[in-house]
Amino acid sequence: MTPITGAFNDAFIADMYERFRENPESVDASWRQFFGFAQSIAGTAPGITDESLLRKVAAAAALVEDIRHYGHLAVRLDPLGTPPAGAQELTPEYHGLTARDLDRIPGSALGFSDATAADVVQRLRGIYASTIGFDVEHIEEEAERDWFRKVLEGGEARLTLTPDEKKIVLARLTEVDGLERFLARAYVGKKRFSIEGTDTLVPMLDAAIERAAISGARHAVVGMAHRGRLNVLAHILNKPYARIFEEFEEKHAKSDAVDTGDVKYHLGASTTRTLPSGKVVELELVPNPSHLEFVNPVLEGVARALQRTNGTRDESSVLPIVVHGDAAFPGEGVVAETLNLSRLRGYRVGGTLHIIVNNQVGFTTDPQDARSTYYSSDLAKGFEIPIFHVNADDAEACVAAVWLAISYRTRFGKDVLIDLVGYRRHGHNEGDEPAYTQPKLYDRIKAHPTPREVWAKRLIADGIITEEESKRLADAMMQKLDAIHTGLKSSGPQTPAQESEETGRAPAPKQTSTAVKAETLITVNERLLAWPSDFAPNPKLVKPLERRRAAIGDEGGIDWGHAEALAFGSLLLDGTSVRLTGQDTARGTFSHRHAVLHDVKTGAEFIPLQHLPSAKGTFEIYNSPLSETAVLAFEYGYSTAAPDALVLWEAQFGDFANVAQPIIDQFMAADRAKWGQDSSVVMLLPHGYEGQGPEHSSARLERFLQLAAEGNLRVAYPTTPAQYFHILRRQAHVDPRRPLILMQPKSLLRLPEAASRLADLATGSFQPVLDDPARSPVPREVKRLVLCSGKLYYDLAAARANGTAAKHAAVVRVEELYPWPHEEIARIIDRYGGIEEVVWAQEEPRNMGAWSFVWPRLRASTGNAIPIRYIGRPERASPAEGYHTAHAEQQARIVTEVLAPSGTGREAGAGTGRAKREAGRG
């Protein structure tokens, strides 16, 4: 802030006074207070009588504001003794003031009840520049800033602990410190990513959960990286010490339900805790990989799902807590993506408590190389998030900061962040040597007492405990751990659970009834075409929507968006909730959905699926921000906590999912194998070659197929609205619950040849393989069996309809690629007993699409006795052509080769000998 001295500021003050004289309400309350004081002591305006005193009062007011703004820069935050940066704005001299000036100015002139301005300054320094750095003046909402000033300056915020509370904190720090010391002694050199240096995180979590429970929380969900995770598991999630010791000794390896598993510092847990207040809270620590910060949006999705109660949401019922790293918070873009979700109607959870575990180093990287900001937390300022900076050795300040944070969340329903400044006692892990890169830092760390020792010394000095009591606590903890460990050693090795035989085959989803009575679908359809009498939808939409009434009748013509709406509506009647989000999802990228109607006169929204009579489920649909990583992760997390809901995420174009690859790889594909966790989230990925260029053609089908194993995913490419209808309904009740990856059409959305009829929805179920309707009556004439997926089928069908002679070829659609439909394809091959070759046809280049996945499975499905060859684009670095003419040439070539007479092709990958077909399941 510019000091209030000099002619410029005198002119500014005079201008403000003129505005005040004309209309006191036109200036800020602080100026009204100032000019009121000025009039009372001078009887006139600035510039006469005691002009000097008035300037001094204005300077004192500026000093007060700067203490509020910059006081955090004077707080001693580093436990290792680095002096605070300070700010010249915090000194009276910067504002042209002396100590005598401050003594002369009454506190009332500044709007305070203190006797003098000197008393005001001293008291505010004790609040803003003492033990907690309150970094809140960047918040735009005046009501929030006023609240902070009221609770801090008015004494409403409790910033001190009672003697009994201090003893409780010491007991907790003793447990935290004791576990780390014991693990270091019992398992020398083994990785544990210890919490040492930021031990106060655990009592902070205790305080957050307790305070949130008092405010109505029934759940708390925590997401964090690996550092300190074992301690949080033990002391927040109540994971038995014996279980942790077993994991260090790998006794768990054969006894867990999870076959593959994960390292101990990635695992999650859940428990129920009865708190000191008597409140009962369900706690969950969300599992996550080493990809730092990617768990954040997953946790937010879990929290939102848990907030559902009887068709509504209670944001106070769940407290989300995210523990960040000081290098990862500014470094990983998913942090900003997640913070951006915090106040959006489709994603808000009523505020998240963020805690940065600030080690002042990232692996071996110093802060000056890790971020372009002063604080590691500064990114949060752009999202209107208040920040409290605390010294990790000051347990009282740490707990008090949590109390204030929970009060703020309860009052405003917004995120809040605590920057816990500590250190990392060891290297990045316990086998790493940090002195190679930070020798001076680690000299200071080695000489520094532990947080527990610092806190105990303080309590001894205050006369709250004696040194003997402190020692007894520490000894008792080590004796407890020794006894558990000794008992574990003496119990001998555990008997491993019987492992099931690995067949290498993915189980097909259990078939469930997905057909819906015709009369029910007609009723749903009518309700979806009804809106309030005073609602005026866009006239251009009315006719296409009304066409759905005819399409469900004898005329037929149910298109993709129509079938989807009927699937959703019928699920809602069944009691299954539906949540759909994504990029431009409410309308649909290709204007095919229109699930949200807008009044052309008022802009008001109307969502027909939210107004179905007798619906037992709820329907949510939201346009997402332009994010893939955070939004897909959010929906994945939501799905894990909402087994009763069908949760879908739609990409604007399929290849946009590239940006969310860590979520697909680390969570969706591997969660069951690593953590025993299930999700049934659906990815809707527009895919198909229509001349739109490399970035809008391919959803990278090959990547999902490469990830597919052990029944972890379901990957499908349905070609009719009815197939889409049935697979959506199957997914809502599928067992086991696994993610569904759907290649979605673009040109097929309204293609008449792809349309379905009411009977297709009212009967049958999803079919993994669709036989050729034109060739199936005369199978013996077929010499070439063509297998394909998706849009290419209609290109081939159109060529045959236009007179291309291809009676020798049957075109069969593989609608579900994983799990591989081995039996269905084997039956098709048996049916066409005269075939001489099998062709896999695709639009994608040979090194992309399904070919690499399909070929070995086709060999097994054919008994390895029939030549198999590939027709499609050659191997390419880029998925598709950039010019439409080049695209058309390639597409025409593929169609021509597929339908060409037999004997003109070259076989690829034909085998010798016969393998058992049963070996072909993928």
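Which residue in β24 is the bridge partner of W840? The partner is Y870, and this pair is a good door into the model. What you are looking at is a predicted model, in which local features need pLDDT of at least 70 and side-chain atom pairs count only at pLDDT 80 or more, while totals for chains, interfaces and linings use all residues. Residues are numbered from 1 along each chain as its sequence is written, and side-chain values use heavy atoms, with hydrogens and water left out.

Let's stay with β24 for a moment. Strands here are DSSP runs of E with at least two residues, helices are runs of H or I with at least four residues, and both are numbered from the N terminus. Two strands count as paired if DSSP finds at least two bridges between them. By that rule β23 and β24 pair in the parallel sense, over five bridges. They belong to an open sheet of five strands with mixed pairing, in the order β19-β21-β20-β23-β24. At its edges are β19 (769–770) and β24 (868–873), each of which pairs on one side only. Even so, β24 is mostly covered, with six of its six residues buried; buried means under 20% relative accessible area, exposed over 50% and partly exposed in between, using a 1.4 Å probe and protein chains only.

Now move across the sheet to β21. Strand β20 (residues 784–788) runs parallel to β21 (residues 809–814), and five bridges join the two. Along this pairing you can find L785 opposite A810 and V786 opposite V811. On the β19 side the direction changes: β19 and β21 run antiparallel and are joined by two bridges, with L770 standing opposite R813. In a regular strand the side chains alternate between the two faces of the sheet. For β21, both faces are covered: A809, V811 and R813 are buried on one side, and A810, V812 and V814 are buried on the other.

Next come the helices beside this sheet. Helix α30 (residues 851–861) lies across β20, β23 (837–845) and β24, and runs at about 165° to β24. Axes are lines fitted to C-alpha atoms, for helices over the stretch in contact, and angles run from 0 to 180 degrees between N-to-C directions. Helix α30 also packs with α29 (residues 822–831), at an angle of about 55° and with the axes 9 Å apart. That angle makes α29 oblique to α30, since angles under 35 degrees count as roughly parallel, over 145 as roughly antiparallel, 65 to 115 as roughly perpendicular and the rest as oblique. In this packing, H822, I825, A826 and I829 of α29 meet L858, A860 and S861 of α30, where contact means heavy atoms within 4.5 Å.

A second sheet is worth a visit. Seven strands form this open sheet, in the order β14-β11-β15-β16-β18-β17-β22 and with mixed pairing. Because β14 (619–623) and β22 (816–818) each have a single partner strand, one side of each is left without a neighbour in the sheet. Direction ignored, neighbouring strands here are turned by 20° against each other on average. Within the sheet, β16 (residues 682–686) and β18 (residues 740–744) pair in the parallel sense over five bridges, and L684 stands opposite L742. Helix α22 (residues 629–641) lies across β11 (577–582), β14, β15 (645–650) and β16, running at about 170° to β15.

One residue to click on is A732, found in helix α26 (residues 721–732). A732 has a relative accessible area of 11%, so it is buried. Not counting residues up to four places away in sequence, A732 touches L571, T576 and L646.

Finally, consider the nonpolar cores, which are sets of buried Ala, Val, Leu, Ile, Met, Phe, Trp, Tyr and Cys residues joined through side-chain atoms within 4.5 Å. In soluble globular proteins, nonpolar side chains tend to be buried together. The largest core in this model has 106 residues, and those with the most contacts inside it are L201, F245, I321, L353, F388, L404 and I418. Helix α15 (residues 395–412) gives the most to this core, with 13 residues. Leaving aside neighbours within four places in sequence, L404 is in contact with F134, W147, F148, V151, L152, A157 and F388. Apart from that core lies another, of 77 residues, with Y638, A657, L705 and Y818 among them.
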